[in-house]
Amino acid sequence: MSTDHLRRFDPEIHQAVHAEEARQRDQLEMIASENFASRAVLEATGSALTNKYAEGLPGRRYYGGCEHVDVVEGLARARACTLFGADHANVQPHSGAQANLAAFLAFLQPGDRFLGMQLSHGGHLTHGSPVNVSGKWFRVSSYGVRESDGLIDYDIVREQARSECPRLIVAGASAYPRTLDFAAFGEIAREVDALLMVDMAHIAGLVATGVHPSPIPYAHVVTTTTHKTLRGPRGGLILTPAEHARAIDRAVFPGSQGGPMMHVIAAKAVAFREALAPEFSLYTRQVVANARALGDELMEHGFRLVSGGTDTHLILVDFGQDGLSGAQAEAALARVGITVNKNTVPGEYRSPLVTSGIRLGTSALTSRGMGIDEMRLIAGWMARVLLRPEDDEVLGEVRGRVREMSASFPLRKETVPVG
């Protein structure tokens with residue numbers, strides 16, 4: 001997209017934007033929560049819709065001049081419902097965190113108890129961390145994974161639910177590489193007369209195409225982001241059965257936020273249309289195939305993966321107590337142009353700013369058209385760097401390989417590659 005006006009008016013910001021575009025182009029983006037949106041999504045995000053206030057819902061606005069943004073939001077809601085098989089969609093949340101906050105506001109009162117996944121075991125800040133509003137306003141109990149195999153033990157979750165009697169159970173994770181059993185969560189919630197909330201932010205694209213089972217038949221409310229595996233703009237989305245539509249809509253506005261970002265809602269609508277195309281299903285299947293190949297190759301080089309592999313786009317590498325810290329690994333890989341993030345692992349004993357692991361994802365690399373062969377090469381390069389992080393010769397050689405591969409897979413053509 002042209003940035004001539006920005007270059008002339010604000011060269012400092014233009015330079016920062018240009019540098020970030022170069023970083024994305026020339027490096028290998030392996031942060032599991034990131035992806036590359038299409039030109040159509042970017043154009044919608046940067047459109048004149050950014051100028052429009054539109055508090056309320058289509059046909060029921062508090063401002064005049066909303067006839068065109070009503071069309072935009074109506075399309076976004078309808079496409080989201082079609083994509084996920086939901087009765088109702090609210091496309092206004094500015095982020096996944098705000099979608100989660102609205103869901104809590106719709107179904108809980110301050111002081112109510114809910115059961116969510118422990119942060120260090122793969123959960124999210126908004127699932128009850130004491131530093132987040134979810135942990136400050138509610139009484140939270142946490143479930144985790146078995147340290148022996150890194151998997152959720154649903155019998156233990158059931159026991160906790162029976163003991164704690166939560167008003168709501170949160171299923172979903174930001175660092176759990178295996179398939180989530182939403183049917184089991186739904187059964188547990190029914191047994192203890194709790195509501196089930198599913199945060200599918202990381203796996204939404206996989207759910208949309210049937211690569212991961214859908215939570216829609218089991219959950220009272222489903223929240224997600226619209227980027228990550230869904231490959232849209234940064235934003236949030238809430239899906240509900242018809243009976244909860246009014247409660248969710250009121251919890252979003254006026255309950256937790258004001259005017260919606262109509263330019264981002266337009267971009268969400270574009271992304272939903274892209275995800276409804278057959279090519280997107282091929283893309284998500286390749287994402288998972290790439291993640292499995294990457295994980296298998298890393299294990300061949302002696303690295304330990306939490307749960308022993310992956311069923312999704314996400315891999316969690318555990319270096320153990322005597323190995324590199326996650327921070328050291330992140331920094332070493334950054335020096336060769338491979339971008340990852342440090343991450344806590346089950347049984348974590350280091351600080352969250354240091355950690356004992358790294359989280360990897362294949363969504364962004366797959367959007368560039370990379371496949372299994374490239375994943376195996378990348379795993380080998382990562383292994384060389386992580387085993388010899390201070391060896392300048394190794395770092396220099398791998399940095400060159402990364403640049404060659406990045407040049408071979410353009411960041412963006414007319415649209416993002418899907419196969």
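A cavity is, on a 1 Å grid over the protein atoms alone, a set of points where a 1.4 Å probe fits but cannot get out. The structure is a predicted model, in which local features need pLDDT of at least 70 and side-chain atom pairs count only at pLDDT 80 or more, while totals for chains, interfaces and linings use all residues. Residues are numbered from 1 along each chain as its sequence is written, and side-chain values use heavy atoms, with hydrogens and water left out.

**Internal space**

- The count comes to 1 cavity of 30 Å³ or more, and the largest cavity holds about 80 Å³ of space, a volume being the space filled by probe spheres set on the points.
- Lining this cavity are 13 residues (those with an atom within 4 Å of a point), and A173, Y176, L180, H202 and I203 lie nearest its centre.
- By class, the lining has 7 nonpolar, 5 polar and 1 charged residues, where Asp, Glu, Lys and Arg count as charged, Ala, Val, Leu, Ile, Met, Phe, Trp, Tyr, Cys and Pro as nonpolar, and the others, Gly among them, as polar.

**Helices 7 and 8**

- Helix 7 (residues 154-164) and helix 8 (residues 182-191), both DSSP runs (H or I, at least four residues), have axes, lines fitted to C-alpha atoms over the stretch in contact, that come within 10 Å and cross at roughly 20 degrees, on a scale from 0 to 180 degrees between N-to-C directions.
- Helix 7 and helix 8 are therefore roughly parallel to each other, a label for angles under 35 degrees.
- In contact (heavy atoms within 4.5 Å), Y154, V157, R158, A161 and R162 of helix 7 meet A184, F185, E187, I188 and E191 of helix 8, and these residues divide into 6 nonpolar, no polar and 4 charged.

Methods
1 Å grid on protein atoms, 1.4 Å probe; cavity = no way out; pocket = protein on both sides within 12 Å on 5 of 7 lines; lining within 4 Å. Helix = DSSP H or I, 4+ residues; strand = E, 2+ residues; numbered from the N terminus. Parallel < 35°, antiparallel > 145°, perpendicular 65-115°, else oblique.
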